[in-house]
Amino acid sequence: MVSTYPVKVQPSGYQYLSIVDVSPNQQLLPLSAKVIDHDFLEIGGCDVKTLVQQFGSPLYILDELTVRTACQQYRDAFNKYYKGHSQVLYASKAWNCLAVCAIVASEGLGIDVVSGGELYTALTAGMSPDKIYLHGNNKSHHELMFAVETGCTIVVDNWYELKTLVAILLEQDEQDQAKKIRIMLRLTPGIECHTHEYIRTGHLDSKFGFDPNDLPEVFSFVSQQSRLHCVGVHAHIGSQIFERQPHRDLAAVMVQWLREAKQYNLELAELNVGGGLGIKYTESDDPPSIEEWSRAICEVVQNVCAEENLPLPKLLCEPGRSLIATGGVTAYTIGSTKTIPDIRTYVTIDGGMSDNPRPITYQSVYRAVVANKMSAPLTETVTLAGKHCESGDILIKNVQLPKTEPGDVLVVMTTGAYNYSMASNYNRLPRPAAVLVANGEANLILQRETYQDIIRQDCLPERLK
């Protein structure tokens, strides 16, 4: 690997199956990445350029080793540092599809879902309902009924939802009246953290969760509902967080809520601290490792419970981005180039804001390499432009690359989280395919959409035919 590249890639011959001590969220490329024949990027034992030739581009590529390693590190850290029971849940909004759900289920994780569609996918992938937690600040009547029928845990977000759920239970057949429904209560802890405004969810001015001032009334109401089995409380303070202190503060506040619930004869046995651990998107990013973050959470919950003389609750967390992002990359084919003297050079790719809306939405910054020129010197500073009819469709500004030509394969790193899940058909572009790579084998996990798929839901009135 030539030192001009700002990423570390394993040299050819590296036995990547032995990786155990590397925290995926602190890497820019998947754990199995290496360079073969000096120039070609390989992931999961598969040459990226060959994958593009076989499956087309843009192409989402997911490294199974990286995802499983992240799952195992979360699971093992909580088992190691927490003396009570624990359960790691994958926040599947980051990337919810059958294959990803099946992988995390096989590693013993549960799943956090935020819609009926995500719930249906998790169930279809084989996830046990007792390991599924349904979130959302405006769950529909249908989604609540679906959740009740499946037996998953419902994380109740507000008064409207709580009362709607009670009404649904009253409407059930007599034979179902004896069944209790597991719920958790989501609360807004009032904790600030340094992250993007749109992904900061723990401060008081948030659309999520009950206000802490409503806690006595909420606890009182829930304690009077014979059909509701309130198992615990939930809070989440945001996403892409590097600081440890906000999570320590959150855990301490939540343990106080468990103590307060006892006044209403509610024995809350679960505490869900959410997720939010950040990842390395650029060389300057320095997030804590999965183990460091997990240890901090476990220690503060145990310490505060000891101070309050409370039994240890079952401790839950919900990593999303830090579990899936680094395992994913997106491969594009380079097309046209436009140089504006003394201003900038645009290099165009065959995708953009429809397969990765995060740069235009959150001003997110990514890094990229040319998968078939990994040893070439970085001689150009260019702006990577998408193909959509929007001036703002810019994937990366001022990125250093080798001299590129049409047909070169560009790889954008750390795109496993919120790229496929937020993808659209803007300009009626079909959404890309996705492949899962491991041990030299690539398996299609999402088919590329076709033009027929694009118009499948269109309806043409007879009078317009």
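Start by selecting Lys-465: with 62% relative accessibility, this residue counts as exposed. Keep in mind as you go that you are looking at a predicted model. Now add Glu-462, also exposed, at 61% relative accessibility. Glu-462 and Lys-465 form a salt bridge, with their closest N and O atoms 2.8 Å apart.

Next, select Arg-431 and Glu-449, another salt bridge, where 2.8 Å separates the closest N and O atoms. This pair links distant parts of the chain, 18 residues apart: Arg-431 sits in the loop between strand 19 and strand 20, and Glu-449 in the loop between strand 21 and helix 12. Arg-431 is partly exposed at 28% relative accessibility, while Glu-449 is buried at 18%.

Move on to Arg-75 and Glu-107, whose side chains meet in a salt bridge at 3.1 Å, N to O. Arg-75 belongs to helix 2 and Glu-107 to the loop between helix 3 and strand 7, so the pair ties together parts 32 residues apart in sequence. Colour by accessibility and you will find Arg-75 partly exposed at 26% and Glu-107 buried at 9%. Then add Glu-64, Arg-68 and Asp-76 to see the network of salt bridges that links them with Arg-75 and Glu-107.

For a change of scene, show residues 328–340 and 344–349 as a cartoon: these are strand 14 and strand 15, paired antiparallel over five bridges. Thr-337 stands opposite Val-347 of strand 15. Three residues lie between the strands of this hairpin, and Asp-342 there has a positive phi near 65°.

Last stop: select residues 380–385, strand 17, which runs parallel to strand 15 and is joined to it by three bridges. Look for Tyr-346 opposite Thr-383 in strand 17.

Terms used: Residues numbered from 1 in each chain as written. Predicted model: local features only at pLDDT ≥ 70, side-chain atom pairs only at ≥ 80, totals over all residues. Heavy atoms only, no water. Pairing = 2+ DSSP bridges. Helix = DSSP H or I, 4+ residues; strand = E, 2+ residues; numbered from the N terminus. Salt bridge = Lys/Arg side-chain N within 4 Å of Asp/Glu carboxyl O. Buried < 20%, exposed > 50% of the residue type's maximum accessible area, 1.4 Å probe, protein only.
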